[in-house]
Amino acid sequence: MRISRRSLLKGAAAAGAAGAVTALAGKAEASEHESKHRPDAVGMLYDSTLCVGCRACVTKCKEANQLPVDQSAMQGTEKAVYDAPSDLNGQTKNIIKVFKDGERFAFMKQQCMHCVEPSCVSVCMMGALHKEGEGTRSFEGENKGTGIVVYDKYTCVGCRYCQIACSFNVPKFEWFDPLPRIVKCELCKHRADKNKTGPLAVANPACCEVCPREAVIYGKREELLAIAKKRIAADPKRYNAKVYGEKEGGGTQVLYLAPASVSFQELGLPELPEHSAASFSEHVSHTPYLHGVTPIALYATAAFLIHRNKKKEEEAEHHEEGK
Amino acid sequence: MSAHAHPKAIGGKLLDPTMKILLGLFGIAAVVMVYRFFTGIGPVSNMTDGYAWGIWEPINVVVFTGIGAGAYSVGLLCYLLNKGKYHPYVRPAVLVGAIAYSLGGSSIVIALGRYWNAYWLPAVPIWNLNSVLLEVAVCVISYVLVLWVEVLPAVLDGAASSKSPGWSRFGAKWGQRLSKAMPFVIALAVVLPTMHQSSLGGLMLIATTKVDPLWHTWALPLLALISCLSMGYGTVVVLTNILGMTWKAKYDQALFADMSKVNGGLLFLFSAIRLGDIVVQGKLHYLGRLDHHLFFFVLEMALFLVPAFMFFSPKVQQNRGRLFAAALMAIAAGALWRVDAYLTCYNAGEGWEYFPSMGETIVTIGMAAIGIAVFIFVSRLFPVVVVDDAHRHSNVGADQVRSAASR
Ligand code: SF4
Ligand code: SF4
């Protein structure tokens, strides 16, 4: 009886360790197989030189996503009759800002960048934030390969690690709601039209639809990148020579063009290396596990040593008592 | 006689004034926590989208579990390296660990926005195995269970020496059975903290643009692991001193001096890796900024290096007060480094500011208070602490119940 219970415990402990190890081995693999290549990835191109700051996209975004108005920018003034958010927040997924320095000024549109290798997806425990159709859970009705970073409120625990992780400070939290959610742009995936073909079949960002100047356009990332480069080549005096998002932080699916005289950092975009933060963090955290060998080896060694030490000690005690 | 001194239940009045104060503090915190569930996290905290974790994660989870790592540190010495002389200090350390980790775990639940979705956590197939936080969560939850199993022998010993024959038989029987299974549990208590303590450092790896370059390094997991060991050894010394003042707990200066040399080594190792990495990565110029980063960096280095040197000085090794002070500094060093990496030297970007609210602070204090209260409560009722009192000890051993019910 006692023996069986003992072996049961041993078995349970072993099973626990084995479970952890399989998990970890899978972990290492997942990171390696994560495909960077998504030819069908969609995104947006925002051209700061075309934007006139009319904020039609801000209003339309709220309407399309059924978000309440937010007057935080005008709070306490007579102007607090407009929907005037001061930043992205729990009620605002898209915002127009302006950079101004003497003569130089430029508009700036902010929303989720839909990173190629998103930090938020890397850190989210149960895949609440994930690339559409990818990740550990099969999400019904999702397309694979669009690369859109979508949110699933049913697996989000509200840990806010995504907020810590995102270099662009995009995910926002509903601080004053007892049942809060994470709020961020999902590229109006819900506005997709199944009857259309091409990018419009998978998403249809309201901001792009409404923009009177076509300062922000929607399409396949590859095509948008080509357009951006063409614009720079056609008028190099007008543009900053770089397309932000081509390589920054592993690349983003929302791309930016800035006026020649303004840097992307001045527009509020962080300076990032070419490798993603996600790949760095995953590499450093997975490596010591050696595909799960380390924890198993550690457990086995520890169990062996402890068992042996205990025996020795008991023998010593018996010996002493015998005297 | 066994070579071991035996732990004994302290006894005494349960609801003494200290206890009342501690429970009172927790009571206030409990009100805030309940309020939070009705109104959301915003109204009770100063957390923002920029400082989304406030002090609850950095202090309640990361620092508390660092203090709780005493169980891990002493366990390594005692069980893995077979230094049986540290045995008397295992039970108190394990109890502190069990309490600290439980509090860390419950703090997370308070802080989670969508806590009700946590029921998904056991669903292994949907785990995102790239998430460091998932590793921390799963590992910490398992470790909390392991720690309380480690506390069980004390409880069963207590039962074994109870006056009721039924309890006494129950305690004796299960105490023995448990003691047979213990090596396999303790082995888990070695593996799990190794994993999640390094992951607690690893959590910040992803925040490449936010954690200050002097703190952000690939070595974060390694540093966190070393610092938890050091905090753990510090905690054992500090704890035993405090218990010695109040309950005459057994205190062995020579033994602690020995153990503290290990701690000194760890503190030196930490500092060497930290400084070496800064030099190798070419980050020295960041020390040229005359702001709070420099202040905290210098303060940290002092807190790491001063006790490191102290632990190796004979003057300190022979003096109880000095050793206590050095141990306290070792804890503070690890705690400050953790808070800096997570909060004070974490920069969410322009325009974000944070200072903890009353509500957040009260919750943290209340959590600490209830932790101390539970420790006192358990030690009064069950044999956890080894008391320096040769005549009166109950003779109830860690692994053998010889004179059960003889008291
Ligand atoms: S911008 Fe932030 S929220 Fe959007 S995909 Fe990238 S990491 Fe995620
Ligand atoms: S808050 Fe939700 S979406 Fe963000 S990381 Fe946590 S579980 Fe994922």
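Modeller: First, a cut-off: buried means under 20% relative accessible area, exposed means over 50%, and partly exposed is in between (1.4 Å probe, protein chains only). The model is predicted: local features need pLDDT of at least 70, side-chain atom pairs count only at pLDDT 80 or more, and totals for chains, interfaces and linings use all residues. Residues are numbered from 1 along each chain as its sequence is written, chains are lettered from A and ligands numbered from 1 in the order in which they are written, and side-chain values use heavy atoms, with hydrogens and water left out.

Biologist: Okay, what is the relative accessibility of A:Lys97?

Modeller: A:Lys97 sits in strand β2 (residues 95–101) of chain A; helices (H or I, at least four residues) and strands (E, at least two) are DSSP runs, numbered from the N terminus. A:Lys97 counts as partly exposed, and its value is 29%.

Biologist: Which residue does A:Lys97 meet in a salt bridge?

Modeller: A salt bridge here is a side-chain nitrogen of Lys or Arg within 4 Å of a carboxyl oxygen of Asp or Glu. The partner is partly exposed too, at 22%. This partner lies in the loop between α2 (56–65) and β2 of chain A, so the pair ties together parts that are ten residues apart in sequence. With an N to O distance of 3.1 Å, the partner is A:Asp87.

Biologist: How many salt bridges does the whole structure have?

Modeller: One of the pairs is A:Arg181 with A:Glu174, at 3.7 Å from N to O. A:Arg181 is partly exposed at 37%, while A:Glu174 is buried at 15%. Elsewhere in chain A, A:Asp101, A:Arg104 and A:Glu266 are linked in a network of salt bridges. Over all chains, the search finds 18.

Biologist: Over in chain B, how far apart are B:Lys261 and B:Asp258 along the helix, in turns?

Modeller: Their side chains meet in a salt bridge of 3.5 Å, N to O. B:Lys261 is partly exposed at 33%, and B:Asp258 is partly exposed at 33%. Both belong to helix α8 (residues 253–280) of chain B, and because they are three residues apart there, their separation is about one helical turn.

Biologist: Let's do the sheet. Which strands of chain A are at its edges?

Modeller: The open sheet has three strands in the order β8-β1-β9 of chain A, with mixed pairing. Two strands pair if DSSP finds at least two bridges between them. Each edge strand pairs on one side only, and these strands are β8 (216–220) and β9 (254–257).

Biologist: How many bridges join β1(A) to β8(A)?

Modeller: On the other pairing, β1 (residues 42–47) runs parallel to β9(A) over four bridges, and A:Tyr46 stands opposite A:Tyr256 there. Towards β8(A), A:Tyr46 stands opposite A:Val216. The strands β1(A) and β8(A) run antiparallel, and the number of bridges is five.

Biologist: How many residues of β1(A) are buried?

Modeller: One side holds A:Val42, A:Met44 and A:Tyr46, the other A:Gly43, A:Leu45 and A:Asp47, and both faces are covered. The strand is largely enclosed by the rest of the structure, because the buried count is six of the six.

Biologist: Last one: which chain B residue does A:Ser119 touch?

Modeller: A:Ser119 lies in helix α3 (residues 119–123) of chain A and counts as buried at 8%. Contact means heavy atoms within 4.5 Å. Not counting residues up to four places away in sequence, A:Ser119 touches A:Ala165, A:Cys166, A:Ala277, A:Ala278 and, from chain B, B:Ile206.
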